[in-house]
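Visitor: I would like to learn how to read a protein structure. Could we go through one together?

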Amino acid sequence: MLEVRAVTRMFGQKAAVDRISFAVDGPAFVGIIGRSGAGKSTFLRMMNRLTEATKGEILVDGRDILALKGAEARAWQSQCAMIFQQFNLVPRMDVASNVLHGLLNRRSSLQTLFNLWPRADILRALDILNRLGIAEQAPKRAEALSGGQQQRVAIARALMQDPRIILADEPIASLDPMNAQIVMDTLKRINVEDGRMVIANLHTLDTARRYCDRIIGMRDGRIVFDGNPSQLTTGVARDIYGADADFSEAATSTSIDAIGRSDAADAVIRAAQAAI
Ligand SMILES: Nc1ncnc2c1ncn2[C@@H]1O[C@H](COP(=O)(O)OP(=O)(O)O)[C@@H](O)[C@H]1O
Ligand SMILES: [Mg+2]
């Protein structure tokens with residue numbers, strides 16, 4: 001389905017992404033881990049054509065999406081929706097309209113100007129919000145929601161595009177552990193239930209281990225690990241993050257696992273979701 005071939009991005013003399021190659025067969029949940037500056041965001045941005053690659057190919061079902069131009073490139077962008085650490089919602093706009101903006105690529109500027117949405121689209125947006133447990137937030141301004149809720153709105157907006165791939169750039173880096181877990185569980189559900197591939201840049205090992213089928217470790221623009229969670233040993237992690245004397249797994253932990261292991265905490269999360 002996805003084949004990345006020797007993709008490189010130079011910034012001046014520096015290779016932010018340096019000849020990376022990997023292939024993914026089915027709709028896997030892929031995690032990319034590595035230190036700040038390793039090239040994770042640059043890679044995701046090349047995937048959805050926000051940043052041009054310097055060299056290489058990204059084949060999706062045999063078609064090089066880096067070579068697409070104009071309308072075809074835009075069509076590809078709506079096939080791979082992007083989710084960001086800072087949610088990138090329109091803060092003063094209501095939640096439902098934020099979700100409907102996932103369709104912007106397909107609408108005329110006149111429709112957008114008057115905020116005219118076909119009824120069927122509005123119903124779909126509400127269905128998606130309902131699926132993510134936040135239907136009751138639909139009329140509120142995005143800025144009135146908690147971070148975890150805002151990230152779910154961003155996921156709803158992504159789903160509105162009906163994308164094949166969801167690209168998530170540090171989706172839980174701004175969230176507390178409980179909201180981080182809700183957002184990761186949401187992404188995992190979309191991956192498993194809808195069969196959409198998810199590629200997520202993650203800053204912590206425990207999250208990658210817990211949610212990903214496949215983990216890619218980057219360092220200085222290169223892939224230094226590519227395997228499944230059980231292969232990601234502490235030694236390998238040291239390789240990915242650098243062999244600093246003070247390396248510790250705790251430093252790259254969000255403690256999601258600590259929550260996940262506790263049935264009591266799970267019950268709290270369910271209650272919180274029900275109350276939303
Ligand atoms: N627009 C840019 N101009 C110059 N250098 C950049 C730009 N974007 C990223 N870089 C550099 O590329 C490298 C990789 O950055 P990035 O992809 O943001 O890493 P990560 O997401 O893993 O933290 C870093 O050294 C960063 O400084
Ligand atoms: Mg980044």
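Guide: We will take a sheet, a pair of helices and two backbone angles in turn. Keep in mind that this is a predicted model.

Visitor: Let us begin with the sheet. In what order do the four strands of the open sheet stand?

Guide: The order is 2-1-4-5, and the pairing is antiparallel.

Visitor: Which strands stand at the edges?

Guide: Strand 2 (14–24) and strand 5 (63–64) do. Each has a single partner strand, so one side of each has no neighbour in the sheet.

Visitor: How many bridges join strand 1 to strand 4?

Guide: Five bridges join strand 1 (residues 2–11) to strand 4 (residues 55–60), and the two run antiparallel. To find the pairing by eye, look for valine 4, which stands opposite isoleucine 58 in strand 4.

Visitor: Which strands does helix 1 lie across?

Guide: Helix 1 (residues 40–47) lies across strand 1, strand 2 and strand 4. With strand 2 it makes an angle of about 65°.

Visitor: Now the helices. How are two packed helices described?

Guide: By the angle between their axes and the distance between the axes. Here, helix 5 (residues 119–131) packs with helix 6 (residues 147–160) at about 135°, and their axes are 9 Å apart. That angle makes helix 5 oblique to helix 6. The crossing of helix 5 past helix 6 is right-handed.

Visitor: Which residues of helix 5 meet which residues of helix 6?

Guide: From helix 5 come Ala125, Ile128 and Leu129; from helix 6 come Ala156, Leu159 and Met160. By class, this contact has six nonpolar residues, with no polar and no charged ones.

Visitor: Last, the backbone. What sign of phi do most residues other than glycine have?

Guide: Most of them have a negative phi. In this model, arginine 19 is not a glycine, yet its phi is positive, about 50°. Arginine 19 is found in strand 2.

Visitor: Why does arginine 19 count as partly exposed?

Guide: Arginine 19 has 14 other C-beta atoms within 10 Å. A residue is buried with 20 or more and exposed with 12 or fewer, so a count in between is partly exposed.

Visitor: What is the phi of aspartate 220, and where is aspartate 220 placed?

Guide: Its phi is near 50°, a positive value in a residue other than glycine. Aspartate 220 lies in the loop between strand 9 (214–219) and strand 10 (222–227). Aspartate 220 is partly exposed, because 16 other C-beta atoms lie within 10 Å.

Note on methods:
Residues numbered from 1 in each chain as written. Chains lettered and ligands numbered in written order. Predicted model: local features only at pLDDT ≥ 70, side-chain atom pairs only at ≥ 80, totals over all residues. Axes fitted to C-alpha atoms, helices over the stretch in contact; angles between N-to-C directions. Parallel < 35°, antiparallel > 145°, perpendicular 65-115°, else oblique. Left-handed = near helix turned anticlockwise from the far one by under 90°. Contact = placed C-beta atoms within 7 Å. Nonpolar A, V, L, I, M, F, W, Y, C, P; charged D, E, K, R; others polar. Pairing = 2+ DSSP bridges.
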